[in-house]
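Hi,

Here is the structure I said I would pass on. Have a look at it first, and then read on for my notes.

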Amino acid sequence: MAENAQSTGTFRVKSGMAQMLKGGVIMDVTSAEQAKIAEEAGAVAVMALERVPADIRAEGGVARMADPEKIAEIQAAVSIPVMAKVRIGHFVEAQVLEALEVDYIDESEVLTPADEANHINKWAFKVPFVCGATNLGEALRRIGEGAAMIRSKGEAGTGNVVEAVRHMRAITGEIRRLATLGEEELMSAAKQHGAPYELVKWVAQNGRLPVVLFTAGGIATPADAAMMMQLGADGVFVGSGIFKSGDPVKRAAAIVRATTNYKDPRAIAEASKGLGEAMVGRSVGELEERLAVRGW
Amino acid sequence: MAGNGDRVGVLALQGDFREHVQILQRLGVEPVEVRRPEELEDLAGLIIPGGESTTIGKLMLENGLLDAVRSYYYRNGKVWGTCAGMVLLASATTGPPQPLIALMNALVERNGFGRQVHSFERELDVKGFDEPFPGVFIRAPFFEEVGPGVEVLSEVQGRIVAAAGERVLATAFHPELTDDTRFHEYFLQEVCGI
């Protein structure tokens with residue numbers, strides 16, 4: 001007979017939840033209405049936000065966790081998972097989101113950091129966390145703190161995919177290089193990456209991260225999403241790219257289709273037709289503030 | 001078992017299809033990632049993986065796979081759904097309308113155990129298995145009711161989490177996220193006859 005003991009919040013159910021999102025698109029939404037559009041378009045989850053990154057950039061000020069009322073409204077509107085963001089290091093915002101039973105917490109550089117030295121101890125929570133990373137060391141530090149999913153950071157709110165590419169190539173390239181090292185070289189590699197030795201060893205042996213790797217920050221078109229998938233992402237976060245575009249309904253569905261069929265150029269071409277204006281992009285050089293540098 | 005060129009499909013539109021593919025490889029059958037109707041030809045069985053059932057259902061509808069999988073099944077095909085796959089196999093849901101393959105006489109409750117913080121692991125007694133099976137439940141559904149022709153294989157707190165019909169199998173949990181291959185072997189041997 002099986003034992004009746006039931007365990008919640010295990011790393012297997014946290015990282016397993018991210019496995020279920022693979023091959024999918026997670027969309028930033030700021031209202032119940034937008035959440036419904038995202039679900040209808042085939043999003044695998046929505047990220048509940050007060051303001052999308054492009055507006056955070058434009059309006060400035062301190063960016064914080066969304067109003068719990070807004071989050072509850074979005075949870076009531078859709079049946080797909082609802083994620084929400086907390087400031088880096090703000091463990092009480094995370095406690096609040098756990099109490100609201102959001103399905104995933106993004107400890108995000110898009111919001112204004114609350115702690116300039118430490119991230120949240122994510123092992124202390126039953127709700128799983130996703131964190132951004134610009135390179136392998138940063139990804140492994142976050143996993144060491146208990147993150148059950150990683151996303152490459154890119155540069156949020158720009159509609160410019162160049163930083164997403166840079167970060168994804170950095171992470172996957174560093175994983176490939178680790179896999180070529182001898183066992184005696186791994187401690188030195190751990191030191192260089194500033195990452196836990198056991199995780200460095202695991203990555204060297206398995207040739208991948210121990211959790212799902214999504215991409216984010218600047219994805220605005222179906223071709224952007226498909227390129228990130230071909231570069232090795234397990235799935236895509238789209239922030240401002242959808243609801244800052246001319247025709248969000250069409251663009252959302254098109255990005256989902258291109259992500260599913262990312263190896264099929266004809267399907268990507270079909271998905272890219274007649275989408276109207278993409279969000280107005282910004283080149284990274286002209287930015288007053290780079291969000292990707294937030295994270296320690 | 002197997003090893004004689006049997007090909008088993010895994011629906012690869014979204015979700016954890018690679019985990020199923022890897023287990024099939026370990027068990028010596030040839031996995032086929034299915035994204036188009038024509039890829040269903042000559043399959044000894046088809047697995048619908050975990051993922052988001054609304055997303056997978058919409059993509060199946062768009063790609064012509066909803067009808068194609070039904071045709072595959074009614075031409076003596078064998079189908080197993082895990083989690084989102086279980087939802088898609090049910091004939092009706094208690095929630096808002098969504099595209100379903102509807103091969104099993106069952107009413108499904110999506111996310112029946114609650115949101116992600118309530119996701120859990122536990123051992124399961126499964127009909128026909130000598131030892132308990134490690135159940136990994138992630139925003140898992142359950143069958144609230146099953147009709148004639150559907151046999152209940154396992155329950156948690158009185159909720160149906162594994163069931164078998166004619167050439168069709170459904171599990172609310174994720175054998176593909178564990179190292180225990182007994183459910184995959186059960187599907188290949190007892191359902192597909194490999």
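What covers the buried residues of H2(B)? Before the answer, a caution: this is a predicted model, and my notes should be read that way. The cover includes two helices of chain A, H2 (32–41) and H12 (248–260). From chain B itself it includes strand S1 (7–11), helix H3 (65–74) and helix H4 (84–89). H2(B) runs over residues 53–62, and eight of its ten residues are buried. These are Ser53(B), Thr54(B), Thr55(B), Ile56(B), Gly57(B), Lys58(B), Leu59(B) and Met60(B). Just after the helix, Gly64(B) has a positive phi of about 75 degrees.

Now for the part you may care about at the bench, the annotated site. An unreviewed UniProt entry lists Gly51(B), Glu52(B), Ser53(B), Arg110(B), Ile138(B) and Arg139(B) under "binding site". They span 89 residues in sequence, but no two of their C-alpha atoms are more than 12.7 Å apart, so they gather at one spot. Gly51(B), Glu52(B), Ser53(B), Arg110(B), Ile138(B) and Arg139(B) also belong to the lining of the second largest cavity. Ser53(B) ties this back to the helix above, since it is one of the buried residues of H2(B).

I looked at two of the listed residues in more detail. Gly51(B) sits in the loop between strand S3 (45–48) and H2 of chain B. Its relative accessibility is 10%, and because buried means under 20%, Gly51(B) counts as buried. Apart from neighbours within four places in sequence, Gly51(B) touches Met20(A) from the other chain, plus Gln14(B), Gly15(B), Ile56(B) and Ala84(B).

Ile138(B) is in the loop between S8 and strand S9 (142–146) of chain B. With 3% relative accessibility, Ile138(B) counts as buried too. Setting aside neighbours within four places in sequence, its contacts in chain A are Arg12(A), Val13(A), Gly16(A), Met17(A) and Met20(A). In chain B, Ile138(B) is in contact with Cys83(B), Gln116(B), Ser119(B), His174(B) and Leu177(B). Met20(A) therefore turns up in both contact lists, that of Gly51(B) and that of Ile138(B).

Next, the strands. One open sheet draws on both chains: three strands in the order S1(A)-S7(B)-S8(B), with antiparallel pairing. Its edge strands, which each pair on one side only, are S1 (6–8) of chain A and S8 (133–137) of chain B. From one strand to the next the twist averages 20 degrees. S7 of chain B covers residues 120–124 and is joined to S8(B) by five bridges. Arg122(B) stands opposite Gly135(B) there.

Chain B also has a hairpin made of S10 (residues 151–156) and S11 (residues 159–165), antiparallel and joined by five bridges. Val152(B) has Ala163(B) in S11(B) as its bridge partner. Two residues lie between the strands of this hairpin, and Gln157(B) takes a positive phi near 50 degrees.

Last, a helix pair in chain A. How do H7(A) and H9(A) lie, roughly parallel or roughly perpendicular to each other? The axes of H7 (residues 162–179) and H9 (residues 197–206) come within 7 Å and cross at roughly 85 degrees. Angles of 65 to 115 degrees count as roughly perpendicular, so that is what H7(A) and H9(A) are. Where they meet, H7(A) brings Ile175(A), Leu178(A) and Ala179(A), and H9(A) brings Val200(A), Val203(A) and Ala204(A).

Cheers

Methods:
Residues numbered from 1 in each chain as written. Chains lettered and ligands numbered in written order. Predicted model: local features only at pLDDT ≥ 70, side-chain atom pairs only at ≥ 80, totals over all residues. Heavy atoms only, no water. Buried < 20%, exposed > 50% of the residue type's maximum accessible area, 1.4 Å probe, protein only. Helix = DSSP H or I, 4+ residues; strand = E, 2+ residues; numbered from the N terminus. Contact = heavy atoms within 4.5 Å. Pairing = 2+ DSSP bridges. Axes fitted to C-alpha atoms, helices over the stretch in contact; angles between N-to-C directions. UniProt positions renumbered as here; feature names shortened; annotations may be inferred. 1 Å grid on protein atoms, 1.4 Å probe; cavity = no way out; pocket = protein on both sides within 12 Å on 5 of 7 lines; lining within 4 Å. Parallel < 35°, antiparallel > 145°, perpendicular 65-115°, else oblique.
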